[in-house]
Amino acid sequence: FIGHVKNEDLGPLVHYSQATLIPSLNEGFGLPLAQAMALGVPIFSSDIPVFREVTSSCISHYNPYSIPLWVEGISSLLKKGKNNLEIERMREEALRFHPERTTKELISCYNSLF
């Protein structure tokens, strides 16, 4: 565990990692998933609604209460390594959360209310 990571260090840290593991039981959005997808880093995450919504169908999700499943899955993920087709699919999926696009959509949503 490395503790707090400065924003400017987060991108390189995630990019050079072998995987992103997110065993959360509850999340507000799932920004770390979108960041990992944009950087093409394999993801192993909990099967909670927000993570399924953020990642769509580009990754698999796992029961956060099953420790043996996590041990087996992480081991398998690390042995398998990065798959170029999966990486490309994740990067395409992450484009849904590009700051410029989401800002335009949010402004459009607000404008439709008034």
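Which helix is the place of E93? Keep that in mind while you get your bearings; we'll come back to E93 at the last stop. One thing before clicking: this is a predicted model.

**Stop 1: the sheet**

Select residues 20–22, 43–46 and 61–62, and you have β1, β2 and β3. Together they make an open sheet of 3 strands, ordered β1-β2-β3, with parallel pairing. β1 and β3 are the edge strands, each pairing on one side only. Zoom in between β2 and β3: the two strands run parallel and are joined by 2 bridges. Now add residues 31–38, which is helix α2. This helix packs on the sheet and touches β1 and β2, and its direction makes about 165° with that of β2.

**Stop 2: S46**

Stay in β2 and pick S46. Across from S46, in β3, stands Y62. Is S46 buried or exposed? Its relative accessibility is 0%, so it counts as buried. Show the side chain and look for S24: the backbone oxygen of S24 sits 2.6 Å from a polar atom of the S46 side chain. To see what surrounds S46, leave out residues up to four places away in sequence and display I22, P23, S24, F51, H61, Y62, P64 and W70, which S46 touches.

**Stop 3: helix α4**

W70 is your way into the next element, as it is one of the buried residues of α4. Select residues 67–80 for the whole helix: 14 residues, reaching 20 Å from first C-alpha to last, close to the 20 Å expected at 1.5 Å a residue. Colour W70, G73 and L77, the buried residues, then turn the view to look down the axis. Those buried residues fall within an arc of 70°, so they line one face of the helix. What do they pack against? The answer is β1, β2 and β3, so you can leave the sheet from Stop 1 on screen. Flip to the other side of α4 and you find P68, V71, E72 and K79 exposed. Just after the helix, click G81 and check its backbone: phi is positive, about 75°.

**Stop 4: E93**

Back to the opening question: select residues 84–94, helix α5, and there is E93. With 16% relative accessibility, E93 counts as buried, because the cut-off is under 20%. Which residues does E93 contact, leaving aside neighbours within four places in sequence? Display M37, V54, T55, S56 and C58. Finish with a distance label from E93 to S56: their C-alpha atoms are separated by 7.7 Å, though the two residues are 37 apart along the chain.

How values were computed. Residues numbered from 1 in each chain as written. Predicted model: local features only at pLDDT ≥ 70, side-chain atom pairs only at ≥ 80, totals over all residues. Heavy atoms only, no water. Pairing = 2+ DSSP bridges. Helix = DSSP H or I, 4+ residues; strand = E, 2+ residues; numbered from the N terminus. Contact = heavy atoms within 4.5 Å. Axes fitted to C-alpha atoms, helices over the stretch in contact; angles between N-to-C directions. Expected span 1.5 Å × (residues − 1). Buried < 20%, exposed > 50% of the residue type's maximum accessible area, 1.4 Å probe, protein only. Arc of directions from axis to C-beta. Polar contact = N/O pair within 3.5 Å; in protein donor to acceptor, adjacent residues only side chain to side chain.
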